[in-house]
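Q: I'm new to this structure and would love a close look at a single part of it. Could you take one residue, tell me where it sits, and then lead me outward to what surrounds it?

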Amino acid sequence: MLRKKQKRCDFVVIDQLQLMRTHRRKNETDDQYIGRIILALKALALEADIPILVISQLNRDSEKRSDKWYMPILSDLRASGAIEQAADGVFIIYRPERHGIQNHPKTGEDLRQVLLLMALKHRHGRSGMARVRHNSSFTFFTDYDNQLF
């Protein structure tokens with residue numbers, strides 16, 4: 001068993017929630033299946049007194065929206081109900097440039113090399129958004145100053 005007190009593990013990262021496997025119950029939906037995994041991970045985090053970062057896929061609903069801004073929302077997470085219920089925080093990294101968006105549709109702000117870090121849920125704090133500049137060829141991040149570096 002993972003125990004922080006025994007100094008065996010301080011942090012766990014699950015790279016893709018949807019690739020985790022366990023016995024699937026008869027007639028269990030995808031949401032129920034993912035929900036069981038999420039609840040087991042939450043129990044592990046509480047028992048071992050460690051944070052667990054779970055990376056999840058988004059469904060494609062944001063790409064079907066008519067506004068073409070593609071800004072993801074909490075319900076765009078696969079099995080979002082189970083994730084939202086168990087998670088202390090839900091954060092999304094959004095790169096507008098990946099969708100061909102170089103300027104903000106309302107403000108005209110330059111969004112080239114910008115990552116939007118969105119806190120959609122934070123049980124112990126505020127939700128909101130932060131911008132950072134990034135250079136994807138070096139995975140390098142800098143403060144956002146509304147100017148390209």
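A: Happily! Let's start with Ile101, which is found in the loop that runs between strand E3 and strand E4 (114–122). Please keep in mind that this is a predicted model.

Is Ile101 buried or exposed? Its relative accessibility is 11%, and buried means under 20%, so Ile101 counts as buried. Setting aside neighbours within four places in sequence, Ile101 is in contact with Lys68, Trp69, Tyr70, Tyr94, Pro96 and Leu111. Gln85 makes a useful landmark: 16 residues separate it from Ile101 along the chain, and their C-alpha atoms are 32 Å apart.

Now for the strands on either side of that loop. E3 and E4 belong to an open sheet of 4 strands, ordered E3-E4-E5-E6, with antiparallel pairing. Strand E3 (89–94) and strand E6 (140–143) stand at the edges with a single partner strand each, so one side of each has no neighbour in the sheet. From one strand to the next, the twist averages 35 degrees. At the other end of the order, strand E5 (residues 128–135) is joined to E6 by 4 bridges, and Arg133 stands opposite Thr142 in E6.

Next, the nonpolar cores. The largest one has 18 residues, and Leu17, Ile34, Ile38, Ile83 and Val90 touch the most other members. Strand E1 (12–14), helix H1 (30–48) and helix H2 (80–86) each supply at least two residues of this core, with H1 giving the largest share, 6 residues. A second, separate core of 10 residues includes Tyr94, Leu111, Leu116 and Met118. Two of those names are familiar, since Tyr94 and Leu111 are both among the contacts of Ile101. Met118, in turn, is one of the residues in contact with Val90, along with Leu74, Leu77 and Ile83, among others.

Finally, a look at the charged side chains. Arg112 forms a salt bridge with Asp110, their closest N and O atoms being 2.9 Å apart. Asp110 is buried, with a relative accessible area of 19%, whereas Arg112 counts as partly exposed at 32%. Another salt bridge joins Asp88 and Lys42, again with closest N and O atoms 2.9 Å apart. This pair links distant parts of the chain, as Asp88 lies in the loop between H2 and E3 while Lys42 is in helix H1, 46 residues apart. Arg123 joins Lys42 and Asp88 in a network of salt bridges, and the structure holds 6 salt bridges.

Definitions and conventions. Residues numbered from 1 in each chain as written. Predicted model: local features only at pLDDT ≥ 70, side-chain atom pairs only at ≥ 80, totals over all residues. Heavy atoms only, no water. Pairing = 2+ DSSP bridges. Axes fitted to C-alpha atoms, helices over the stretch in contact; angles between N-to-C directions. Core = buried A, V, L, I, M, F, W, Y, C linked by side-chain atoms within 4.5 Å. Buried < 20%, exposed > 50% of the residue type's maximum accessible area, 1.4 Å probe, protein only. Contact = heavy atoms within 4.5 Å. Salt bridge = Lys/Arg side-chain N within 4 Å of Asp/Glu carboxyl O.
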